[in-house]
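Reader: I am new to this structure. Please take one part and walk me through it closely.

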Amino acid sequence: MPEPTAGRPRVAILMGSDSDWPTMEAAATALEEFDVPCTADVVSAHRMPEAMVRYGREAHTRGIEVIIAGAGGAAHLPGMLAALTPLPVIGVPVPLKHLDGMDSLLSIVQMPTGVPVATVAIGNARNAGLLAVRILAAGDPALTERVLTFQDELRQAAEAKGARVRE
Ligand code: RP5
């Protein structure tokens with residue numbers, strides 16, 4: 001688990017266990033690519049529920065703007081955080097050795113109306129980081145420019161592999 005990046009963290013990466021870090025690390029890497037300061041912590045919904053409630057209630061008062069939350073199995077952390085915070089929450093279903101992550105996915109994605117969690121694909125913490133960047137870019141023209149450059153690089157990479165739209 002890394003130390004928080006320099007500067008006030010804008011994104012909090014939370015996970016239910018340190019065993020989730022090998023999956024969640026890709027979110028931190030994506031944020032680093034866009035120079036978005038983040039912090040990463042283990043806050044288990046089941047093993048440390050009081051700490052989770054405290055974190056969820058206070059995150060927005062500490063300058064956090066987006067929460068990325070990953071968990072596996074009975075993955076209650078993203079949904080519970082979404083119930084506690086006014087911030088956007090992005091959920092990452094962490095695949096464990098049973099059920100291929102379908103349990104994590106369904107635990108995170110099936111939120112009741114009024115308590116949204118933006119759920120990425122099973123194990124795709126990189127997309128969670130990139131989505132957090134886009135959310136922050138909505139109020140940040142310089143970051144928007146970097147997202148546009150990133151998208152152009154994706155297009156160029158696809159075209160370099162021969163992808164074409166036939167005229
Ligand atoms: C979940 O239980 C965690 O998010 C993790 O994916 C899973 C297993 O945790 P450990 O037993 O490896 O600590 O709450």
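Author: What follows is a look at two helix pairs and one loop residue. This is a predicted model, in which local features need pLDDT of at least 70, side-chain atom pairs count only at pLDDT 80 or more, and totals for chains, interfaces and linings use all residues. Residues are numbered from 1 along each chain as its sequence is written.

Start with the record. UniProt lists residues 9–158 as "domain: PurE", in an unreviewed entry. Its positions are in the numbering used here, feature names are shortened, and annotations may be inferred rather than shown by experiment. Over residues 9–158 the chain is 47% helix and 17% strand. The end C-alpha atoms of that stretch are 33 Å apart. Helices (H or I, at least four residues) and strands (E, at least two) are DSSP runs, numbered from the N terminus.

Now the helix pairs. Two packed helices are described by the angle between their axes and the distance between the axes. Axes are lines fitted to C-alpha atoms, for helices over the stretch in contact, and angles run from 0 to 180 degrees between N-to-C directions.

Take H2 (residues 49–58) and H3 (residues 77–84). They pack at an angle of about 50°, with axes 8 Å apart. That makes H2 oblique to H3. (Under 35 degrees is roughly parallel, over 145 roughly antiparallel, 65 to 115 roughly perpendicular, and the rest oblique.) The H2 and H3 crossing is right-handed. From H2, the contact uses Met-52, Val-53, Gly-56 and Arg-57; from H3, Leu-77, Met-80, Leu-81 and Leu-84. (Contact means C-beta atoms, placed from the backbone, within 7 Å.) By class, these residues are six nonpolar, one polar and one charged. Ala, Val, Leu, Ile, Met, Phe, Trp, Tyr, Cys and Pro count as nonpolar, Asp, Glu, Lys and Arg as charged, and the others, Gly among them, as polar.

Next come H5 (residues 125–137) and H6 (residues 141–160). Their angle is about 140°, and their axes are 8 Å apart. H5 and H6 are therefore oblique to each other. Val-133, Arg-134, Leu-136 and Ala-137 in H5 meet Leu-143, Thr-144 and Val-147 in H6. That contact has five nonpolar, one polar and one charged residues.

Last, the loop. Pro-116 sits between helix H4 (102–109) and strand S5 (118–119). Pro-116 is partly exposed, because 13 other C-beta atoms lie within 10 Å. (Buried takes 20 or more, exposed 12 or fewer, partly exposed is in between; C-beta atoms are placed from the backbone.) Beyond neighbours within four places in sequence, Pro-116 is in contact with Ala-82 and Met-111. Pro-116 and Val-89 are 27 residues apart in sequence, and 7.5 Å apart in space, C-alpha to C-alpha.

Terms used: Contact = placed C-beta atoms within 7 Å. Left-handed = near helix turned anticlockwise from the far one by under 90°.
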